[in-house]
Structure formats: structure tokens, C-alpha cells
Amino acid sequence: MNKKMKKALRETFEAPPPMDKQRFLKTLQHPGSTYLKFLLNQFFYIRKRVWAFSVVIIFIGWAVTFGSPVFIDWKAEAGKIWAVSAVLPFLGLMMTAEIYRSEFYRMSELEMSFRFNLPQIIMARIAILGGGNFVILTALLIFISRVSPFNLLQVIIYLMVPYLITCGVCLLILNRVRLGEGMYFCAAAACFTCMVNIITGSRVQLLYSSSTLGYWLLLFALGGVLTAIQLRKLIKQTEERTWNLLLTE
Amino acid sequence: MSIDIEEQYDKIYRYCYYKTGNATLAEDLTQEAFLKYFAQNSYMEYGKKLAYLYTVARNLCIDYFRRKQPEKLTDELQDTDFIERLEMRSTLRQALKTLPEQEQELLLFRYANELSVGEIAAITGLSRFAVYRRIKSALASLKKLLGEENSL
């Protein structure tokens with residue numbers, strides 16, 4: 001069918017312009033997307049590699065916990081926690097990298113034009129990623145607490161400290177340094193936390209002894225507070241940072 | 001809503017106008033169709049939204065003609081616009097009128113409202129193949145009719 005015929009058909013069905021369209025559409029009350037639907041949509045924007053890495057961490061946790069003989073000695077069991085907690089900084093790194101992705105790829109302006117503003121989108125992603133990480137950490141806790149000689153509180157603290165410190169430090173870096181370079185600093189921070197774990201691994205008996213529990217608690221609290229403060233700062237700064245980026249690039 | 005309201009407003013209005021031949025009435029029915037569409041939410045999140053919107057519009061047009069009492073003929077012509085429009089119809093319009101109503105509707109959906117074959121199938125309840133075949137047949141009839149007109 002040629003274009004001329006198509007055009008003629010279109011014109012044949014043409015109606016006179018509507019008179020009341022704008023007024024009607026302005027007054028039309030139509031329901032928007034629900035927050036739950038928005039949250040689910042954001043779920044699909046998180047890269048698959050994040051979930052793939054999460055599965056790998058769970059697998060590592062399972063392999064470390066159940067792959068070796070149980071209760072050979074106290075040091076071996078403490079070493080299991082040490083091995084798992086050495087991987088967790090990278091989970092923190094993946095999370096922070098994902099939160100900053102829209103700014104890193106200069107996609108903020110698109111998200112700003114959306115019905116939900118950028119802080120809401122970042123909050124939604126933090127909620128989704130945080131939920132995912134919670135599941136992973138819970139799975140690791142279940143694995144380790146089944147074979148570990150430590151009580152649950154100790155296991156939680158030993159596992160969470162490297163994770164929280166990495167999250168807090170990465171967020172601190174990204175809130176202060178330009179995004180491009182910030183990601184490298186974050187990777188370095190995650191590697192450093194992991195290295196500290198590896199270096200201190202030889203002293204695992206001392207590291208996980210009851211006498212150091214106070215220090216662990218302190219680090220846990222510091223990591224938690226640092227992460228919370230930096231998250232709050234991130235949300236507050238998001239709009240301003242986005243505009244700065246758009247104006248300077 | 002995932003469908004563009006402004007764009008769909010024009011399309012539904014065009015469809016109602018084709019059905020009724022009266023601009024004011026078509027606009028009223030279009031607005032009523034949108035209000036009815038948004039009055040429920042079962043099709044908002046799931047299902048064939050566009051097909052549902054067209055079905056509401058079509059049913060409203062049918063209801064209007066059911067309710068409408070036959071008008072007594074008077075000396076004055078009430079809808080002069082409509083008469084003028086009738087007079088200004090091109091050869092193509094005349095040819096279109098000779099086609100079965102369903103074929104006219106299919107051509108409107110496909111070429112005026114630019115719906116996909118899949119969307120038309122969802123609206124009309126026909127299979128995609130049937131839609132494709134009927135549109136093709138309608139175009140062939142139209143071309144034949146136009147050929148005859150030109151030859152006269």
C-alpha cells in the first residue's frame with residue numbers, strides 16, 4: 001500500500017479538533033503508579049551482576065562453613081568467620097557502586113524528570129539493595145552460627161564490622177570526592193578492609209577472643225553510625241550534587 | 001497509566017466521531033469513556049488497557065444510539081456541520097462507506113489511529129491473521145471501487 005493511499009485514508013477519518021480536550025485532561029483525576037510498583041520497577045534497574053555476586057558470596061559462605069570438617073579446633077572455626085568476613089567488604093562496595101550508578105553514568109537528569117525524584121529513587125534502590133544484603137547476611141549468619149563455637153551476637157558483629165565499615169567509608173568517599181575518581185577510592189577502601197582481614201588472619205585467635213569483643217562492638221557501632229550519617233548526607237546532597245554535575249560537565 | 005492519555009484522547013475521539021458523526025457528541029463520549037476507564041482499576045495495572053479503553057468507547061457509542069429516540073423531521077436542519085461534512089466527503093469517503101462497517105473500523109484502527117495488528121486483534125476479538133486478512137481485503141475492495149470511480 002503506497003504512502004499516498006495511507007495519507008488519504010488517515011485524512012478521511014480525520015475528525016474536527018476537539019474543543020474541550022485540555023480542560024478535561026487538566027481536571028481528569030487518574031491514579032498514578034503505586035509506590036510498591038515503583039519499588040518493583042526499581043528492582044529491575046539493579047544490575048544482574050549485583051545479584052550474581054550476592055549468590056557467589058552465599059555460595060562462598062556455604063562452602064567455607066560446610067565444605068571443611070566441623071569443629072576440628074577453635075582456630076579453624078574462627079578462620080571460617082574470618083574468611084567470610086573478608087569477602088563482605090566487596091558486597092558493601094557493590095552496594096555503594098550501585099547506589100551511585102545513576103550519577104556515575106550521568107543519568108540523573110532523566111531520573112529527575114520522572115514523577116519520583118532522585119532522592120526517592122536512590123532511597124528505593126538502597127531499600128532494595130539493603131534488603132538483598134540483609135538476606136545474604138542472614139544466610140551467612142545461619143550457615144556460620146550452625147558450626148561456630150561463638151554465640152550469635154559475636155558472629156553478627158564479626159561479620160558485620162567489615163561490611164559496615166566498607167559501606168560507611170565508600171559512602172564517605174563518594175560524598176566528598178568526584179564520582180569518577182571516587183569509585184576507584186571505594187574499590188581501594190574495600191580492598192584495604194579485605195587486606196586488613198587477611199593480614200590479621202594469622203592472629204585469628206587473638207582477633208576473635210572474648211577480650212577484644214569490646215573493640216569489635218565499638219567498631220560495629222562506629223561502622224553503623226558512619227553508614228547512617230553518610231546515607232543521610234547522600235540523600236540530602238543528591239539534588240545539589242546533581243545540579244553541580246550538570247552545570248560543570 | 002502506561003498509555004499516553006493525550007494521544008489516546010485524540011484517537012478515541014476520532015473513533016467516537018467516526019461512530020457518531022457529531023463532534024460535540026464524540027467529545028462527550030470520549031470523556032465519558034476516560035472517566036469510566038479510570039473509575040475502575042482492574043485493567044489499569046494488568047490486562048489489555050488499550051483494548052479495554054476502545055471497548056468502553058464502543059459500548060458508549062452503541063448505548064447512545066440505543067437511547068436515542070428517532071427524531072422527527074422538521075424544516076430546520078439541526079446538525080448543519082454534519083450535513084456539510086457529508087457534502088464535502090471525497091471520493092475516498094464515499095468509497096469507504098460502501099465497505100462493511102467492520103472493515104471501515106479496521107481501516108480506522110490501522111491507518112488513522114495507527115494501532116498494531118495485535119492491538120486491533122485485542123480490541124475486535126479477531127485473530128491477528130483474520131485482522132490482517134480483512135484489512136487486506138478491505139483495501140483491495142477500496143482500490144477496486146476507486147478504480148471504478150475513476151473510470152466513470
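This passage walks through the interface of chain A and chain B, then the aromatic rings, two buried residues of chain B and the salt bridges.

The structure is a predicted model, in which local features need pLDDT of at least 70 and side-chain atom pairs count only at pLDDT 80 or more, while totals for chains, interfaces and linings use all residues. Residues are numbered from 1 along each chain as its sequence is written, chains are lettered from A and ligands numbered from 1 in the order in which they are written, and side-chain values use heavy atoms, with hydrogens and water left out.

A good place to start is the interface. Here 26 residues of chain A are in contact with 30 residues of chain B, contact meaning heavy atoms within 4.5 Å. The size of an interface is often given as the accessible area lost when the parts come together. Chain A and chain B bury about 2600 Å² between them, and 70% of this area is on carbon and sulfur atoms; the buried area is the accessible area (1.4 Å probe) that two parts lose on being put together, summed over both.

Polar links also cross the interface of chain A and chain B, with eight residue pairs in polar contact, both residues at pLDDT 80 or more. A polar contact is a pair of N or O atoms within 3.5 Å; within protein, one must be able to donate a hydrogen and the other to accept it, and residues adjacent in sequence count only if both atoms are side-chain atoms. On the side of chain A that touches chain B, α1 (3-12) and α2 (21-27) of chain A each supply at least two residues. The largest share of that side, seven residues, comes from α1(A). Helices (H or I, at least four residues) and strands (E, at least two) are DSSP runs, numbered from the N terminus. By type, the residues of the side of chain A that touches chain B are 14 nonpolar, four polar and eight charged. In this division Ala, Val, Leu, Ile, Met, Phe, Trp, Tyr, Cys and Pro count as nonpolar, Asp, Glu, Lys and Arg as charged, and the others, Gly among them, as polar.

Three salt bridges join chain A and chain B, a salt bridge being a side-chain nitrogen of Lys or Arg within 4 Å of a carboxyl oxygen of Asp or Glu. In one salt bridge, Arg10(A) pairs with Glu114(B), with the closest N and O atoms 3.5 Å apart. Arg10(A) lies in helix α1 of chain A and Glu114(B) in the loop between α7 and α8 (117-124) of chain B, so the pair joins two chains. Arg10(A) is partly exposed, at a relative accessible area of 31%; buried means under 20% relative accessible area, exposed over 50%, and partly exposed in between (1.4 Å probe, protein chains only). Lys21(A) forms a salt bridge with Asp10(B), where the closest N and O atoms are 2.9 Å apart. Lys21(A) counts as buried at 10% relative accessibility, whereas Asp10(B), at 26%, is partly exposed.

Turning to the aromatic rings, the count is 16 aromatic pairs over all chains. Rings of Phe, Tyr and Trp (its six-membered ring) pair if their centres lie within 6.5 Å; planes under 30 degrees apart count as stacked, over 60 as edge-to-face and the rest as tilted. Tyr9(B) and Phe34(B) form a stacked pair, with 5.9 Å centre to centre and 25° between the planes. Tyr9(B) lies in helix α1 (residues 5-20) of chain B and Phe34(B) in helix α2 (residues 23-39) of chain B, so the pair ties together parts that are 25 residues apart in sequence. Both Tyr9(B) and Phe34(B) are buried, and they belong to one aromatic cluster with Phe24(A), Tyr37(B), Phe38(B) and Tyr52(B).

Another ring to look at is that of Tyr54(B), in helix α4 (residues 49-67) of chain B. Tyr54(B) is buried, with 1% relative accessible area. Its side chain makes a polar contact with the side chain of Asn113(B) at 2.7 Å. Beyond its neighbours within four places in sequence, Tyr54(B) contacts residues including Ile12(B), Tyr15(B) and Phe109(B).

Glu105(B), in helix α7 (residues 101-112) of chain B, is also buried, at 7% relative accessibility. Glu105(B) is linked with Lys19(B), Arg58(B) and Glu101(B) in a network of salt bridges.
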